[in-house]
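The questions below work through one protein model, from its overall make-up to its interior. Each is followed by a short line of reasoning that closes on what was asked.

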Amino acid sequence: MSMNNKQRWMGGVVLLGGGVLLAALLLKGNEEIKQVEVQPSTSPKTQTKPKQVTEGQMVQLQPLAVDVATEKRLLEEQRRSREKAVAEQEARAAEFLAMQQQAEADAARKAAAEYAAINARRTAAQESSDNIPPEVVGSDGKVKSPQTDVKKKSVDSAKAEADKKAADAKRQAEADKKVAEAKRQAEADKKATEAKRQAEADKKAAEAKRQAEADKKATEAKRQAEVDKKAAEAKRQAEADKKASDAKRKAEADKKADAEKARELLENGDKKWMVQVALAANQANADAVVSKLRAKGYKVTTSQTSKGIRIMVGPAKDRDTADAARKKITSDSSLNMKSAWVIDWVPLDQR
């Protein structure tokens, strides 16, 4: 195997091995970046399985698993992880390129050393050879000398060395181009990842804003319902207080009327004829009977006794007038008072 072929073979082996190593590093870096990208943005404890929504069902917004600060912190950790993976990939690519350049330099130095050794042996052989004829006539009739052959070989060797250097420069340019392309691809992937992460962050921020607005509306509706409920209770309480006040005023008016009648009886004489129509067990029953009689136009007087509340109609100035009133009351079927009787009544404070 000639020296040029051997050098080409060694360079091809080094280039092939370097290409395989670079491809492996790039594939490994891409897998690491993809693994970082597919990492969940929330912790496993807060992940929830989305519910399927059938047609006709109302879609309810689910609360966020984490707050905005935690989400930002997780996104920042993912960004740092991706940047670290890209930096490691670039460092490995640079290391591989340095290794490849070192291998190529070693191969070039070894080839140069072998070439120098061969030239040294050839020079030594030329100087020590005394049997070399001064000139040799070739088959084409031209005269050739050993010095001419040596010069020709030197020219061929220099040309081969120049070709090798050109091939090395070409390989170096291709390697630099691949490294630059890998770097541009990594930057493009990084930008795409950043854009995707920003879009996800914007989407989550919009969902958080919608959820906050929905919570605010629900709180407002609840507060309004409580206000309406309190207003209704206040209205009912006011109505109850008004009814109680009306009942109290009516009771006071009835009491005042009874007092006026008692005072009238006291002023008109010591003895009056009255028609007793009933004896009520309590004040409520007495008020009911008094209302019925007053609706008919009778003057009614009540008196508290040990057995109950005495209800009387009158007074009349004589017994006949009182008895006529008694007959009228007992004959009125709407009053339903069959047991009325005439009494001579004197107030207790005058007895």
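Q: What percentage of the 351 residues in the protein is buried?
A: This is a predicted model, and the figure covers the whole protein of 351 residues. A residue counts as buried when its relative accessible area is under 20%. By that cut-off, the buried share of the residues is 22%.

Q: How much accessible surface does the protein have, and what share of it belongs to carbon and sulfur atoms?
A: The accessible surface of the protein adds up to about 25,300 Å². Of that surface, the part belonging to carbon and sulfur atoms is 55%.

Q: In what order do the elements of the protein run from the N terminus?
A: The secondary structure consists of five helices and six strands. Read from the N terminus on, these elements follow the order α-α-β-β-α-β-α-β-β-α-β.

Q: Which residues of the largest nonpolar core touch the most other members?
A: In soluble globular proteins, nonpolar side chains tend to be buried together. Here the largest nonpolar core holds 20 residues, and at least two of them come from each of strand 3 (272-280), helix 4 (283-295), strand 5 (309-316) and helix 5 (319-331). The members that touch the most others are Val275, Val277, Leu293, Ile311 and Ile329.

Q: With which residues is leucine 293 in contact, leaving aside its neighbours within four places in sequence?
A: Leucine 293 is one of the core members that touch the most others. With neighbours within four places in sequence left aside, the contacts of leucine 293 are Val277, Tyr298, Val300, Ile311, Val313, Leu335 and Met337.

Q: Does arginine 197 count as buried or exposed?
A: Arginine 197 has its place in helix 3, and beyond its neighbours within four places in sequence it is in contact with Leu75, Arg79 and Arg82. Its relative accessibility is 10%, and the cut-off for a buried residue is under 20%. Arginine 197 therefore counts as buried.

Q: Which element gives the most to the lining of the largest cavity?
A: A search of the whole structure finds two cavities of 30 Å³ or more, and the largest has a volume of about 100 Å³. Its lining has 12 residues, with Gly11, Glu104, Ala107, Lys164 and Arg171 nearest the centre, and two or more lining residues come from each of helix 1 (3-37), helix 2 (68-128) and helix 3 (146-268). By class, the lining has six nonpolar, two polar and four charged residues. With five residues, the element that gives the most is helix 1.

Terms used: Residues numbered from 1 in each chain as written. Predicted model: local features only at pLDDT ≥ 70, side-chain atom pairs only at ≥ 80, totals over all residues. Heavy atoms only, no water. 1 Å grid on protein atoms, 1.4 Å probe; cavity = no way out; pocket = protein on both sides within 12 Å on 5 of 7 lines; lining within 4 Å. Points joined across faces, edges and corners; volume = space filled by probe spheres on them. Helix = DSSP H or I, 4+ residues; strand = E, 2+ residues; numbered from the N terminus. Nonpolar A, V, L, I, M, F, W, Y, C, P; charged D, E, K, R; others polar. Buried < 20%, exposed > 50% of the residue type's maximum accessible area, 1.4 Å probe, protein only. Areas by Shrake-Rupley, 256 points an atom, 1.4 Å probe, with all protein chains shown as cover. Core = buried A, V, L, I, M, F, W, Y, C linked by side-chain atoms within 4.5 Å. Contact = heavy atoms within 4.5 Å.
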